[in-house]
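Me: I'd like to learn how to read strand pairing in a model. Could you walk me through it with this one?

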Amino acid sequence: MKNFKKLLAVLLAGLMLLSLAACGGKDENVVKIGTLSKVQMDISHTAEHAAQINEEHKGSADVTVEYVEYSNLSAALMDLESGKINVLTSEKCTADYIAARNDKVTVASTGSMTDFFMMTMENNKEVYDILNNAIKDMKADGTLDSLIANELKAYIESDPEPKELPHFDGARTIKIGVTGDVPPMDFVAANGNAAGFNIALLTEIANRAQVNFELVQIDTGARAMALSSGKADAVFWSKSYTCTVCNTSAPEKIDGIILTESYFPDYVTSILLKSEK
């Protein structure tokens, strides 16, 4: 709960930069927070969040917090810019990527921790072992830290040429679900190819394990279904801790899944429109 309250403070600080009246004439006492969550909201957390915002607005009518769920980032950003939502929660790396390319938005300070994983099914243990062992080895020998310091930073700050996945004749092919909707981790480059840190990660895993990766396009909200149906052998996943309302996933609610070790730790933050002078 401590991390959750810290996130609330982040959101509240950001909300003070906004004029709630700027939401196209909508109810000034309603704060709308966009999330990419597909998980049912925790009522107690939602109530606490509303209470915290009310505390910041003493002397005015109670403020109601509404959460708006989105299946993709593009739609959420459009609604933020149009004033349909006041705040959009995301991982900090995504927020930094967006802010570097959109001078209309700003990024609040960070809140609760989140982690990035790869996820597969328990009955696909061989794929899990290939992915998990490679990630563990990359952590141990410093390769993962180097990728984060160089590749991830490059994707946030600029638009480098996407990594090209290696191919090994006669090697096993593993299908990896990608959404193209989570920059700088997973997005589509200007040339139409899959790009981002996750592709750089897969390139390193492929070279270590001598396997081929086939990228399968899936919707953000259909990642778990892609696994259970066999459309993909593994997908990329992220999980926020403590803060239910800002989770981008809840793997514990899905039967038969297994997560690799985390390959990148990050924080939940808030994307806000810059206040008008």
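Reply: Gladly, and keep in mind that this is a predicted model. Ask away.

Me: In which sense do E5 and strand E13 (residues 264–273) pair, and over how many bridges?

Reply: A general point helps when you look at strands: in a regular strand the side chains alternate between the two faces of the sheet. Here, E5 and E13 pair in the antiparallel sense, over 4 bridges. To find your place on screen, look for Met113, which stands opposite Tyr267 in E13.

Me: Which residue in E11 is the bridge partner of Phe117?

Reply: That partner is Trp237. E5 and E11 pair over 6 bridges, in the antiparallel sense. E5 also pairs with strand E12 (residues 257–259), again antiparallel, through 3 bridges, and there Thr120 stands opposite Ile258.

Me: Why is strand E5 (residues 113–121) described as largely enclosed by the rest of the structure?

Reply: Count its buried residues, taking buried as under 20% relative accessible area. In E5, 8 of the 9 residues are buried, so the strand is largely enclosed by the rest of the structure.

Me: Now to E6: do strand E6 (residues 173–178) and strand E10 (residues 212–217) run parallel or antiparallel?

Reply: They run parallel, with 6 bridges joining them. Ile174 has Phe213 as its bridge partner in E10. E6 is also joined to strand E11 (residues 234–240) by 2 bridges, and these two strands run parallel. On that side, Gly177 is partnered by Val235 in E11.

Me: So E11 is a good strand to follow from E6 across to E5.

Reply: Yes: E11 runs parallel to E6 and pairs with E5 in the antiparallel sense.

Conventions: Residues numbered from 1 in each chain as written. Predicted model: local features only at pLDDT ≥ 70, side-chain atom pairs only at ≥ 80, totals over all residues. Heavy atoms only, no water. Pairing = 2+ DSSP bridges. Buried < 20%, exposed > 50% of the residue type's maximum accessible area, 1.4 Å probe, protein only.
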